Each structure stands twice: as structure tokens, then as C-alpha cells.
Amino acid sequence: LTEHRSRRFRMDYGSRSDLILVMEPLMAQRIQRAAPQLAGRVHLLGRWTVGTIDDPRGGPRPAYERTIDLIGDAVREWLQRIP
């Protein structure tokens, strides 16, 4: 994940992806509303762990550090479940 950078969702990204992971339910709803054909591909990153992972934007450093830990845990769990 060291090379990963977040970016605004675009339809062409979604149409090329088999799996779309989002941190918050609102993100999933927005994608599904804009592109109903992608609904089965959109899942919460924290689905197998904590569920919603809140965006720490604008928060203190410890909030970012906690979010990094939650994302790492969630990604490891997804990796165990993806064939």
C-alpha cells in the first residue's frame, strides 16, 4: 500500500475493477446510485473487521494512525478471502 494514493472515483475506474472497496457506507451508496451496474462490486473495506472506517481528515495525528491500523487489518482480511 505504500504506493497507493486515494483518488476521486471515476466510472472508468469502476468499470475496469472487479472489486471496489470503500471506507464508509455513504461512499458505496454514491457509487451505486451513479453506477447501478457496479453494485455487486462495491463493498466496505472493513466488512470483515470493523465495518465503517471513518475518514480522519482534519483530525489529530493519532486519528490518522488509528485509521492506518484499521485499513491494514481490513486489507489483510480481504487478502485472505480473495481467491
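## Exercises on side-chain pairs in a predicted model

The side chains of Glu65 and Arg61 are joined by a salt bridge of 2.7 Å, N to O. The model is predicted, so local features need pLDDT of at least 70 and side-chain atom pairs count only at pLDDT 80 or more, while totals for chains, interfaces and linings use all residues. Residues are numbered from 1 along each chain as its sequence is written, and side-chain values use heavy atoms, with hydrogens and water left out.

**Exercise 1.** Find how Glu65 and Arg61 are placed in helix α3, and classify the exposure of each.

Step 1. A salt bridge here is a side-chain nitrogen of Lys or Arg within 4 Å of a carboxyl oxygen of Asp or Glu.

Step 2. Glu65 and Arg61 are four residues apart in helix α3, so about one helical turn separates them. (Helices are DSSP runs of H or I with at least four residues, strands are runs of E with at least two, and both are numbered from the N terminus.)

Step 3. Buried means under 20% relative accessible area, exposed over 50%, and partly exposed in between (1.4 Å probe, protein chains only). Glu65, at 37%, is partly exposed, and Arg61, at 65%, is exposed.

**Exercise 2.** Which residues are linked with Asp12 in a network of salt bridges?

Step 1. Asp12 meets Arg10 at 2.7 Å, N to O.

Step 2. Asp12 also forms a salt bridge with Arg16, where the closest N and O atoms are 3.5 Å apart.

Step 3. The network therefore consists of Arg10, Asp12 and Arg16 under the salt-bridge criterion. Asp12 is partly exposed at 27%, as is Arg10 at 44%, whereas Arg16 is exposed at 62%.

Step 4. The structure holds five salt bridges.

**Exercise 3.** Describe the aromatic pair of Trp48 and Trp78 and the charge over the ring of Trp48.

Step 1. Rings of Phe, Tyr and Trp (its six-membered ring) pair if their centres lie within 6.5 Å; planes under 30 degrees apart count as stacked, over 60 as edge-to-face and the rest as tilted. The count comes to one aromatic pair.

Step 2. Trp48 and Trp78 are 5.8 Å apart, centre to centre, with 65 degrees between the planes, and the pair is edge-to-face.

Step 3. Trp48 lies in the loop between β2 (42–44) and α3 (61–81) and Trp78 in helix α3, so the pair ties together parts 30 residues apart in sequence. Trp48 is partly exposed at 32%; Trp78 is buried at 8%.

Step 4. The charged end of Arg81 sits over the ring of Trp48, 3.9 Å from its centre. (The criterion is NZ of Lys or CZ of Arg within 6 Å of the ring centre and within 35 degrees of the ring normal.)
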